[in-house]
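User: I have a chain open in the viewer and would like to talk it through with you. Can we go over the fold, then the charged contacts and the surface?

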Amino acid sequence: MKALDLDFARTHATPAGWVLLGLATFVAVDTGMSYRQLASQVAAVEARLDRHGGHGSRLARSERDETALRDADRVARSLMLPWDSLFRSLEQATDERVALLALQPDARKREISISGEAKDYDAVLAFVTRLDQREGLRDVHLVRHELREDDPQHPMYFSILASWEGRP
């Protein structure tokens with residue numbers, strides 16, 4: 001068997017490589033100089049705004065603060081919802097004939113969209129019935145169902161929409 005010639009320490013600097021290195025260095029230096037120039041222009045404009053009262057920048061900050069507060073409030077309300085009971089209801093309604101693929105909760109509307117696959121249409125209907133009987137869930141509706149012909153087991157794909165209640 002012929003020995004392999006593995007010499008990783010050998011370097012092969014070509015003229016094209018040196019040209020590319022020089023070009024990359026030039027672009028990096030030019031970019032840095034452009035950045036410094038733009039940063040100084042931004043600083044000058046901000047200083048001018050502050051000298052003239054800065055009403056525009058204060059207004060923009062105020063609007064950003066209000067948006068941040070609204071987002072924080074939305075997140076806080078979402079975290080206060082009864083997620084444990086919702087997930088427990090879903091787990092208890094699922095059996096070996098149903099596989100959940102996606103859950104898309106809408107905390108503001110207190111609705112959840114459930115996508116999954118089942119062995120057949122009867123399994124889907126049984127799952128919808130079990131969900132509808134779960135405490136805390138209401139208005140459980142089968143929104144869409146489709147037989148997957150491209151899959152050898154021909155599962156039934158489904159989408160369900162439900163509302164949930166419970167103390168926030």
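**Walking through the model**

User: Let's start with the surface: which helix holds V27?

Analyst: Bearing in mind that this is a predicted model, V27 is found in helix 1, which covers residues 15-51.

User: Is V27 buried, exposed or something in between?

Analyst: V27 counts as partly exposed, because its relative accessible area is 45%, and buried would require under 20% whereas exposed would require over 50%.

User: And which residues form a nonpolar patch on the surface?

Analyst: The patch is formed by L20, L23, F26 and V27, which together have about 430 Å² of accessible area. For the protein chain as a whole, the exposed surface comes to about 13,000 Å², with carbon and sulfur atoms supplying 57% of that area.

User: What share of the residues is buried?

Analyst: Of the 168 residues in the protein chain, 20% count as buried.

User: OK, switching to the fold. How many helices and strands are there, and in what order do they run?

Analyst: The protein chain has four helices and four strands, and from the N terminus on the elements follow the pattern α-α-α-β-β-α-β-β.

User: How are the strands arranged in the sheet?

Analyst: Four strands make up an open sheet in the order 1-2-4-3, and their pairing is antiparallel. Strand 1 and strand 3 (137-147) are at the edges with a single partner strand each, so one side of each has no neighbour in the sheet. On average, neighbouring strands of this sheet are turned by 20° against each other, if direction is ignored.

User: What holds paired strands together in general?

Analyst: Strands in a sheet pair through backbone hydrogen bonds, in either a parallel or an antiparallel manner.

User: Over how many bridges do strand 3 and strand 4 pair?

Analyst: Strand 3 and strand 4, the latter being residues 156-164, pair over eight bridges in the antiparallel sense. Looking at individual positions, L147 stands opposite M156 in strand 4.

User: Which strands does helix 4 lie across?

Analyst: Helix 4 lies across strand 1, strand 2 (111-118), strand 3 and strand 4, and it runs at about 170° to strand 3.

User: How much of the contact count comes from residues 24 or more positions apart?

Analyst: Among contacts in the protein chain with a separation of 6 or more, 57% are between residues 24 or more positions apart.

User: Now the charges. How many salt bridges does a search of the whole structure find?

Analyst: The search finds five salt bridges, and a few of them deserve a closer look.

User: Start with D95, then: what is the N to O distance to R97, and how far apart are the closest N and O atoms with R130?

Analyst: The side chains of D95 and R97 meet in a salt bridge at 3.5 Å, N to O, while in the salt bridge between D95 and R130 the closest N and O atoms are 3.3 Å apart. The D95 and R130 pair links distant parts of the chain, 35 residues apart, with D95 in the loop between helix 3 (83-93) and strand 1 (98-106) and R130 in helix 4 (residues 121-133).

User: Are those two arginines buried or exposed?

Analyst: Both fall in between, since R97 is partly exposed with a relative accessible area of 28%, and R130 is partly exposed with 23%.

User: What about R144, which residue is its salt bridge with?

Analyst: R144 forms a salt bridge with E146, where the closest N and O atoms are 2.6 Å apart. R144 counts as partly exposed at 39% relative accessibility, and E146 is partly exposed as well, with a relative accessible area of 31%.

User: And which residues are joined into one network?

Analyst: D95, R97 and R130 are joined into one network by salt bridges that share partners.

Terms used. Residues numbered from 1 in each chain as written. Predicted model: local features only at pLDDT ≥ 70, side-chain atom pairs only at ≥ 80, totals over all residues. Heavy atoms only, no water. Patch = residues over 30% accessible without salt bridge, like charges linked within 9 Å, V, L, I, M, F, W, Y side chains within 5 Å. Areas by Shrake-Rupley, 256 points an atom, 1.4 Å probe, with all protein chains shown as cover. Salt bridge = Lys/Arg side-chain N within 4 Å of Asp/Glu carboxyl O. Helix = DSSP H or I, 4+ residues; strand = E, 2+ residues; numbered from the N terminus. Buried < 20%, exposed > 50% of the residue type's maximum accessible area, 1.4 Å probe, protein only. Contact = heavy atoms within 4.5 Å. Pairing = 2+ DSSP bridges. Axes fitted to C-alpha atoms, helices over the stretch in contact; angles between N-to-C directions.
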